Amino acid sequence: MKKAIPFLAAIILSLPVSAQQYLNTSGLNDRPAQKQPTFYDVQRAFNSYWETKTPSSTESENADDDGYQQFKRWEWFAEQRTFPTGVFPSPEILWTQYQDYKSKYASANMNIATAGWSFLGPNVVPGNGGGAGRINCIEFDPTNSNII
């Protein structure tokens, strides 16, 4: 039995799985790796899947049917960020831009002055339901801008 568990786990983990039912029925998951689906392919598959269904106004009622409202939020967000052809931009763009920014401005950020805050306490959080409290508002000293 102990030898069968890794074997079964390997079989189960190697199966392609998609949480979105409309992707399973549309054939988008069967494409070769070099031909990735575009935004419009995914949108078409979703709309085709929902042709015979009526979406509810509450998200919990659509949970079993792959979340109509969740897809519509993603659709609105993603449509603005795809190329006119529907191709998704490379996820590496943001990372490379961030790395370029860091290398370009690394020396400029070294001279930033930091605030001279000092911890006043409490050092121990009260127990037995006492809690540590919360801050509802802050006030600035009108005569000394270093005191909050």
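Glu 75 pairs up with Lys 72 in a salt bridge, and their closest N and O atoms sit 3.0 Å apart. This comes from a predicted model, so every value here is computed rather than taken from an experiment. The two partners belong to helix α4, which covers residues 68-79. Since Glu 75 and Lys 72 are 3 residues apart in that helix, about one helical turn separates them. Their surroundings are worth a look too. Glu 75 counts as buried because its relative accessibility is 9%, which falls under the 20% cut-off. Lys 72, on the other hand, is partly exposed, with a relative accessible area of 27%.

The count of salt bridges comes to 2. Besides the pair in α4, there is one between the side chains of Asp 41 and Arg 44, with an N to O distance of 3.2 Å. Here the helix is α3, and Asp 41 and Arg 44 are 3 residues apart in it, so about one helical turn lies between them. As for cover, Asp 41 is buried, at a relative accessible area of 12%. Arg 44 counts as exposed because its relative accessibility is 52%, and exposed means over 50%.

Just ahead of this helix comes Thr 38. This residue is placed in the loop that links α2 (21-26) to α3 (39-49). Despite being in a loop, Thr 38 is buried, with 13% relative accessible area. What does Thr 38 touch, once its neighbours within four places in sequence are left aside? The contacts are with Thr 85, Gly 86, Val 87 and Phe 88.

Stepping back to the chain as a whole, the protein has 5 helices and 0 strands. Read from the N terminus on, the elements simply go α-α-α-α-α. The chain has 148 residues, and 16% of them count as buried. Thr 38, Asp 41 and Glu 75 are among the buried residues. About 12900 Å² of the protein chain is exposed, and 58% of that area is supplied by carbon and sulfur atoms. Finally, there is the matter of how contacts are spread along the sequence. Taking contacts between residues at least 6 apart in sequence, 42% join residues that are at least 24 apart. The contacts of Thr 38 with Thr 85, Gly 86, Val 87 and Phe 88 link the loop ahead of α3 to residues further along the chain.

How values were computed. Residues numbered from 1 in each chain as written. Predicted model: local features only at pLDDT ≥ 70, side-chain atom pairs only at ≥ 80, totals over all residues. Heavy atoms only, no water. Helix = DSSP H or I, 4+ residues; strand = E, 2+ residues; numbered from the N terminus. Buried < 20%, exposed > 50% of the residue type's maximum accessible area, 1.4 Å probe, protein only. Contact = heavy atoms within 4.5 Å. Areas by Shrake-Rupley, 256 points an atom, 1.4 Å probe, with all protein chains shown as cover. Salt bridge = Lys/Arg side-chain N within 4 Å of Asp/Glu carboxyl O.
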